Amino acid sequence: MSRLIVLSNRIPTEAEPAGGLVVALHECLMRQGGIWIGSSAEPQDVAHEELTEIGSGPYRRLAFDLSHEEHENFYLGYANSVLWPLFHRRSDLIAFDAAYAEAYAAVNARVARLLAQVIRPGDLVWVHDYHFLPVARALRALGVANRIGFFLHTPFPLAADIPALPERDEFPEWLAAFDLVGLQTERDVSALQEHFRADPAAIFDLEGGVHTAHGSFLAAAFPIGIDVESFIAQAEASDGAERLALAPDQRLLIGVDRLDYSKGIVNRFEAFGAYLADRPEDAPRATLIQIAPPSRAELEAYREIRTELETTAGALNGAYAELDWTPIRYIRRNVQRERLAGLYRRANAALVTPLADGMNLVAKEYVAAQDPDDPGVLILSHFAGAAEQMGGALLVNPYDTGEMARAIAAALEMPLADRRARHAGMMEELLARDISWWTESFLSTLARQTHRAAAE
Ligand code: ADQ
């Protein structure tokens, strides 16, 4: 069996809560042997041209340095102020700075040189996410002919938005240097194909192959899943343990997100406000618990969305709270996975309403955590990748406040038989394509790609 070399922005440490993706990749590395490579936890004064061994264990974990300047220009800059907004349909938020592109190219070139030192013939290389789009091209230039796969966790950008990228001419070359480009949904595969259609020389085959002047690769959808069994077990174990100080007939809605402008949390609060405004006097009270720990707080766009969120929550609570009822409980702290599972199970509905999202695993975790005999209702944005699979959700347009308010009312009033049928349908899909399915199908597809060296 081929060794696996994983490249991702961060290497998970033992101290962090292990999510499904981390556990799944860990299992692959245990099974196949290999190396997990990512950036060191803290930026350094100088980025040395070397990999540092992290901890000990059944497979190696190696970290490359990022200097303070690279953290600023590569990570916060190009990755999160150019690519992230572009890929989430927010070209208006792109920050243009030549230093960003320079750092992005330099870090990717260094990571490629370091990778080339550890890759052996026959190894499969799996690159994760938008931080490393040019790494395969840099590896090819160093003579690495191994199979290299890429998985994009975010949406693929719309063809009409790509001209906003300063490196728009290089972008197709970056992709074409991989053997396999994995995307979350069929919608993303179509977006990629549309982008390449602009190239008159590009040929598409029926299997998803894209043949360009810069090389051939396969583009396919691998919707990421969750560890369904372990989530069910966690939800069952924590059932009822959470003391939420809610009245017995009080309805609970839940939202769980990293605080990011792509997650649509302000729109969600506004919709909940519209629901409260229309709520009949005698309807049971509903509380929305929103957990949203800040992320990328160094960036202006993230500070702005936080202020906007806090202002909206404050205004709505001011308008609707009563002495014994706070409609929105907004929590900035991180909540452990076991407690989340219990909260999901207790909640009558989840509001997963991003404006753009690669997949959104909270949608899947919420469904897995439900009691099948009395399940809650998932309210899901059309713009989450998960919408392609989760037909049993109440699908909403997150920009349409009225529609979302009506979906909240419908979710809280939905008859048991309807809730059960929707839940059962979604569970079937979750079990069929869980996280093990995801790693196995991606890696077996990558292993089947025609080896470049052999093909040449
Ligand atoms: P993220 O944007 O980080 O990831 P998401 O899929 O929603 O988003 O969450 C990833 C994990 O973090 C989930 O397991 C979730 O439970 C956990 N999480 C999120 N918010 C949390 C909170 N406030 N407290 C505790 N845990 C929280 C990117 C893409 C997504 C894609 C994933 C996986 O943006 O679209 O689904 O990668 O591919």
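A polar contact is a pair of N or O atoms within 3.5 Å, and within protein one atom of the pair must be able to donate a hydrogen and the other to accept it. In the predicted model described here, the side chains of Glu-49 and Arg-113 make such a contact, at 2.7 Å. Glu-49 is placed in the loop between β2 (34-39) and β3 (51-53). The relative accessible area of Glu-49 is 41%, so this residue is classed as partly exposed, a class that lies between the limits of 20% and 50%. Apart from neighbours within four places in sequence, Glu-49 is in contact with Arg-110, Arg-113 and Leu-114. Leu-114 is 65 residues from Glu-49 in sequence, yet the C-alpha atoms of the two residues are 7.4 Å apart.

The chain as a whole contains 15 helices and 16 strands. Its radius of gyration is 23 Å, which agrees with the value near 23 Å expected for a compact globule because the chain has 456 residues. Along the principal axes, the C-alpha atoms fill a box of roughly 75 × 50 × 45 Å. Of the 456 residues, 55% count as buried. Among contacts with a sequence separation of 6 or more, 76% are between residues 24 or more positions apart. The accessible surface comes to about 19300 Å², and carbon and sulfur atoms contribute 51% of this area. Charged side chains number 41 positive and 64 negative, with the centres of the two sets 3 Å apart.

Two asparagines of helix α2 were examined. Helix α2 spans residues 68-87 and includes Asn-80; Asn-73 also lies in α2. Asn-80 has a relative accessibility of 2% and therefore counts as buried, the limit for that class being under 20%. Outside the residues up to four places away in sequence, Asn-80 touches Tyr-75, Pro-85, Tyr-130, Tyr-261, Arg-296 and Leu-299. Side-chain polar contacts join Asn-80 to two of these residues: to Tyr-130 at 2.8 Å and to Arg-296 at 3.4 Å. The C-alpha atom of Asn-80 is separated by 30 Å from that of Val-367, which is 287 residues away along the chain. Asn-73, at 12% relative accessibility, also counts as buried. With residues up to four places away in sequence left out, Asn-73 touches Tyr-78, Ala-99, Tyr-100 and Ala-103.

Helices α10 and α11 were considered together. Helix α10 comprises residues 337-346, and its buried residues are Leu-340, Ala-341, Gly-342, Leu-343, Tyr-344 and Arg-345. The elements covering these buried residues include α7 (228-237), β11 (251-256), β12 (286-291) and α11. Val-362 belongs to α11, which covers residues 361-368. At 16% relative accessibility, Val-362 falls under the 20% limit and so counts as buried. Excluding neighbours within four places in sequence, Val-362 is in contact with Val-256, Tyr-344 and Val-352. Tyr-344 is one of the buried residues of α10. The C-alpha atoms of Val-362 and Leu-340 are separated by 9.8 Å, with the two positions 22 residues apart along the chain taken as their distance apart in sequence.

Conventions
Residues numbered from 1 in each chain as written. Predicted model: local features only at pLDDT ≥ 70, side-chain atom pairs only at ≥ 80, totals over all residues. Heavy atoms only, no water. Helix = DSSP H or I, 4+ residues; strand = E, 2+ residues; numbered from the N terminus. Buried < 20%, exposed > 50% of the residue type's maximum accessible area, 1.4 Å probe, protein only. Contact = heavy atoms within 4.5 Å. Rg over C-alpha atoms; globule rule 2.2 N^0.38 Å. Areas by Shrake-Rupley, 256 points an atom, 1.4 Å probe, with all protein chains shown as cover. Lys, Arg positive; Asp, Glu negative; His and termini not counted. Charge placed at Lys NZ, Arg CZ, Asp CG, Glu CD.
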